[in-house]
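Here's a quick look at a protein and the ligand it holds. Have the structure open as you read.

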Amino acid sequence: MTTNLDLRIYATPADLFEAAAEDFVEQATGAVQARGRFTIALSGGSTPKGLFQVLSSKDHDRLPWDRMFFFWGDERHVSPEDPESNYRMARETLLSKVPIPEQNIFRVLAEDTDANRAAEKYEGTLKQFFAPPAGRLPQFDLVLLGMGPDGHTASLFPQSKGLREKQRLVIANWVEKFSTDRITFTAPLLNAARVVEFLVAGSDKAPALREVLEGNASPDLYPSKMIRPVNGKLVWMVDQAAAAGLSAKR
Ligand code: 6PG
């Protein structure tokens, strides 16, 4: 992993989420000042809940919600009411609690029985919203990512077909261990962002974090290693427990 790694280690998950919320406010207000809008791709799983709860409890006037646009970096192949839905989690812990216009929220239509069709539709939504110049990819201001104990990120799982995707922006990626498709951004789209920010907490993540940041295993086994923004910043915000395996020199 590159030496100029922006790795921020916090004593507790609460400290991590507080810092991530402050960073979010900074990035959102900065993007709206600079470009008139802030585009963000949310991660799923449990870790972002902490950030969303801090953000929804903050003074809402600090954020230009009407100029903020929410997308998802991956989604489970379930309906928006399903407890497994990343959209549902974000709606319950953040979006239903803040003054965000409904038309600024772009969820994956993951209730579609055909996961490939859901992925194609979402790719179409991104291309329409961002309207990137020919040969360029949509560029999110911020992509939030988590990392699994197996080193997966978004729904790019170890040794899954989606890791080799070079053209598509959003795909249905078959995840053997869950016997299901997941709808996920591909590495090229994730790496086109201005800022990619990993939020990682808990001792169960320590072996994978050590491998991703300091190890030599291939990205095929630790897909989080594939995340290297082309013209953007990579930030790891982790708690002490997740960082426990990292070499002292950090
Ligand atoms: C998902 C996520 C996934 C998640 C990791 C970490 O849909 O599950 O997008 O990539 O970020 O699995 O999950 P936890 O935060 O629950 O540990």
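## Overall fold

How many helices and strands does the protein have? There are six helices and nine strands, taken as DSSP runs (H or I of at least four residues for helices, E of at least two for strands).

This is a predicted model, where local features need pLDDT of at least 70, side-chain atom pairs need 80 or more, and totals for chains, interfaces and linings use all residues. Residues are numbered from 1 along each chain as its sequence is written, and side-chain values use heavy atoms, with hydrogens and water left out.

## Size

Along the principal axes, the C-alpha atoms fill a box of roughly 45 × 40 × 40 Å. The radius of gyration is 17 Å, which agrees with the value near 18 Å for a compact globule of 250 residues (taken over C-alpha atoms, with a rule of 2.2 Å times the number of residues to the power 0.38).

## Around the ligand

The ligand has 15 residues around it (a heavy atom within 4 Å). T47, D74, R76, A154 and K205 come nearest. By class, that shell holds two nonpolar, nine polar and four charged residues.

Now for some polar side-chain atoms and ligand oxygen atoms. For T47 the distance is 2.6 Å, for R76 an N or O atom is 2.7 Å away, and for H152 the distance is 2.7 Å. Taken alone, the ligand exposes 410 Å², and the protein buries 88% of that (Shrake-Rupley method, 1.4 Å probe).

Terms used
Polar contact = N/O pair within 3.5 Å; in protein donor to acceptor, adjacent residues only side chain to side chain. Nonpolar A, V, L, I, M, F, W, Y, C, P; charged D, E, K, R; others polar.
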